[in-house]
Amino acid sequence: MKNERQNAILELVSSKEIQTQEALCDELLKKGFSVTQATVSRDIKELALIKAESSSGSTHYVVPQLEREAMGEDGSYVLTIISESVKDVDYALNTVVVKCNSGMAQAVCTKLDSTRLHNVVGTLAGDDTIFIIMRTEKDAERLVKELRIIIDKKV
């Protein structure tokens, strides 16, 4: 039941702009799932959903882009190398700084580049640090959230 409900949530947030947990509860009810807001809150956390800004300026739940990439071929390896090699991530304005274990920055950067992340202008990797230039500060904030989810989960 839980897996079916969480799959339904993934389908809903991928096809509609779900802005609140209450709206997600309503949509799940339409699909035959009787849930509480607390259950939906736990599901959102377990699925690592984040809020993203739409073109209209409103926010809605989305599956993090790196998580979506992991659903494809070789994706789990991408998440594993990030979770095992990245020590910290932060941003200043539109620049994301990724601190890695010594000697791992270029490998992580190569894997990040292969995911074709949205709104990345360019990347630069040294021995233990990666700089990722994003189009906007909001894009940088979103990427940091996604990377933190992955490194906190330790895939």
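User: Let's start with the pocket. What volume does the largest pocket have?

Analyst: This is a predicted model, and its largest pocket has a volume of about 510 Å³.

User: OK, and which residues lie nearest its centre?

Analyst: Of the 21 lining residues, K51, A52, E53, V62 and R142 lie nearest the centre of the largest pocket. For the wider picture, go by element: helix 1 (2-15), strand 1 (50-53), strand 2 (59-62), helix 4 and helix 7 (137-153) each give two or more residues to that lining. Helix 7 supplies the largest share, with six residues.

User: How many of the lining residues are nonpolar, polar or charged?

Analyst: The lining of the largest pocket splits into six nonpolar, six polar and nine charged residues.

User: How far should I trust those elements? Which one has the lowest mean pLDDT?

Analyst: Look at the chain first, then at its elements. The protein chain averages a pLDDT of 85, and 90% of the residues score at least 70. Helix 4 (residues 65-70) has the lowest mean among the elements, 58, while strand 4 (residues 95-100) has the highest, 97. Keep in mind that helix 4 is one of the elements lining the largest pocket.

User: Strand 1 came up in the pocket. How do I read the two faces of a strand?

Analyst: The general idea is that side chains in a regular strand alternate between the two faces of the sheet. Here, I50 and A52 make up the covered face of strand 1, and K51 and E53 the uncovered one.

User: Which strand does strand 1 pair with, and in what sense?

Analyst: Strand 1 pairs with strand 2 in the antiparallel sense, over four bridges. One of the residue pairs is I50 with V62 as its bridge partner in strand 2. The two strands form a hairpin with five residues between them, and G57 in the turn has a positive phi of about 100°.

User: Now the bigger picture: what is the strand order in the open sheet of four strands?

Analyst: The order is 3-4-6-5, with antiparallel pairing. Strand 3 (86-92) and strand 5 (120-125) each have a single partner strand, so one side of each is left without a neighbour in the sheet. From one strand to the next, the twist averages 15°.

User: Where does strand 6 fit, and how many bridges join it to strand 5?

Analyst: In the order 3-4-6-5, strand 6 sits between strand 4 and strand 5. Five bridges join strand 5 to strand 6 (residues 129-134), and the two run antiparallel. They are also linked by a hairpin, through three residues. To follow the register, take L124, whose bridge partner in strand 6 is F131, and A125, which stands opposite I130.

On the strand 4 side, strand 6 pairs in the antiparallel sense, again over five bridges. There V97 stands opposite F131, so you can trace a row through the sheet from V97 to F131 and on to L124.

User: Last one, C25: is the residue buried or exposed?

Analyst: The cut-off for buried is under 20% relative accessible area, so C25, at 12% relative accessibility, counts as buried. This cysteine is found in helix 2 (residues 21-30). Its C-alpha atom is separated by 6.6 Å from that of Q37, which is twelve residues apart along the chain.

Key. Residues numbered from 1 in each chain as written. Predicted model: local features only at pLDDT ≥ 70, side-chain atom pairs only at ≥ 80, totals over all residues. Heavy atoms only, no water. Pairing = 2+ DSSP bridges. Axes fitted to C-alpha atoms, helices over the stretch in contact; angles between N-to-C directions. pLDDT = per-residue confidence, 0-100. 1 Å grid on protein atoms, 1.4 Å probe; cavity = no way out; pocket = protein on both sides within 12 Å on 5 of 7 lines; lining within 4 Å. Points joined across faces, edges and corners; volume = space filled by probe spheres on them. Nonpolar A, V, L, I, M, F, W, Y, C, P; charged D, E, K, R; others polar. Buried < 20%, exposed > 50% of the residue type's maximum accessible area, 1.4 Å probe, protein only.
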